[in-house]
Amino acid sequence: MKIFVQSRGCSPDFEYCWQPKVPPQLSNISSLIQSESSSVVLARFQGRLILLTTGLESPEKRDFRERPIRHSVCWMCSDNDFDEKKIRAITVTFLKGLLSAQVDKYIHLGGENGFEVSFSELKSLSDLFLKEIESQHLPEDEHSQKIGKNSQDLRDDLAYKLQQYSLPKGYELIVVATGVKSEESLARTGAWRSLSNLVKFQEWKKLSTGGAQPSNFFGAAIAIAVAAIVVVAIIFLVVLPRLLTPTPEVSPPPQEMNPSNPEEEVNPEQVDQNSSIRDLISLKKDLKPSVK
């Protein structure tokens, strides 16, 4: 199991950051929640289970403005029965409101980034509640996608389901619970169970029938990324070379002869003939008698 923690130090020099470096999978699920509030996402992706919990407010730790420091923790593990029980145990702890205080005990102020994490102790956190997790088969009437208000009643009901039953198959997004997200946006994700403060239903509302509905959320995210890469490649391979290729200098076409003043070859005989005619006309004028 891999664990990633986001927190900060007291000093203004230490902003929120991840230790170790933020896993790339989080970019696909962080947009589903309001990370500043107490939120959770449980997802299945490429043979792995991913659990992201955010807004875990420290009971005592404060930043330089006396604001409570909020922790975020991401667990990643293989999608097998043993690791699934651990992930379900942590999710149940979160839904019951017990995770913040437990996580805060293993995050200490100080160090290079303003905080240090006891990863070994944090990894064993699920063991505290593992004995309460069973692995019964999920009833058929519980396979459908449902959505509801992020109330403690529905959180407790969801915690009970995760405590008793194995995770439903056929879903990439399994659980999404957050603050300010509209019913429409959560319904589009296709998660098995979705909770939000903006949803008005005090009871679960079924959004689909006929068994599990694969959300294909990660597949859509990958398709968008691939499409963006293709567009960029086309720009670099086709459009950009054309823009960078220098335009060849165009020589002006040869100037045409002026049709009104053609340069014709002079015929010497024609010149002599014309000269003779002019001389004859001039002679006749000289011979004309003058009138008195």
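Here are some short exercises on a predicted model, each with a worked solution.

**Exercise 1. Get your bearings: how many helices and strands does the protein have, and what share of its residues count as buried?**

Start with the element count: there are 8 helices and 11 strands. Next, burial: 39% of the 292 residues count as buried. Then look at the contacts between residues at least 6 apart in sequence: 68% of these join residues at least 24 apart.

**Exercise 2. Lay out the open sheet: what is the strand order, and which strands sit at the edges?**

Step one, write down the order of the 9 strands: S2-S1-S5-S4-S3-S9-S10-S8-S11, with mixed pairing. Step two, find the strands that pair on one side only: these are the edge strands, S2 (17–19) and S11 (205–206).

**Exercise 3. Zoom in on S9: which strands does it pair with, and in what sense?**

Take S3 (residues 39–45) to begin with: it pairs with S9 in the antiparallel sense over 4 bridges. You can pin down that register with Ala43, whose bridge partner in S9 is Leu173. Now go to S10: 4 bridges join it to S9, and the two run parallel. Here Thr178 stands opposite Ser196 of S10. Carry on to S8, which is also joined to S10 by 4 bridges and runs parallel to it; Gly148 has Leu195 in S10 as its bridge partner.

Finally, check burial. With 6 of its 6 residues buried, S9 is largely enclosed by the rest of the structure.

**Exercise 4. Trace the β-α-β unit: which handedness do S9, H6 and S10 give?**

Follow the chain from S9 through helix H6 (residues 183–189) to S10. The unit comes out right-handed.

**Exercise 5. Test helix H5: why does its length agree with expectation, and what do its buried residues pack against?**

H5 covers residues 152–164, so that's 13 residues, and at 1.5 Å a residue the expected span is 18 Å. The end C-alpha atoms are 18 Å apart, which agrees.

For the packing, list the buried residues: Leu154, Arg155, Leu158, Ala159, Lys161, Leu162, Gln163 and Gln164. Their neighbours are helix H2 (81–95) and the strands S8 (146–149), S9 (173–178) and S10 (193–196).

**Exercise 6. Hunt for ring interactions: how many aromatic pairs turn up, and which charged ends sit over rings?**

Aromatic pairs first: a search of the whole structure finds 0. Now the charges. The charged end of Arg8 sits over the Tyr16 ring, 5.7 Å from its centre. Arg67 has its charged end over the ring of Phe64, 5.9 Å from the centre. For reference, the distance cut-off is within 6 Å.

Methods
Residues are numbered from 1 along each chain as its sequence is written. This is a predicted model: local features need pLDDT of at least 70, side-chain atom pairs count only at pLDDT 80 or more; totals for chains, interfaces and linings use all residues. Side-chain values use heavy atoms; hydrogens and water are left out. Rings of Phe, Tyr and Trp (its six-membered ring) pair if their centres lie within 6.5 Å; planes under 30 degrees apart count as stacked, over 60 as edge-to-face and the rest as tilted. A charge sits over a ring if NZ of Lys or CZ of Arg is within 6 Å of the ring centre and within 35 degrees of the ring normal. The expected span of a helix is 1.5 Å times one less than its number of residues. Buried means under 20% relative accessible area, exposed over 50%, partly exposed in between (1.4 Å probe, protein chains only). Contact means heavy atoms within 4.5 Å. Two strands pair if DSSP finds at least two bridges between them. A crossover is right-handed if, with the strands pointing away from the viewer, the path from the first strand over the helix to the second runs clockwise.
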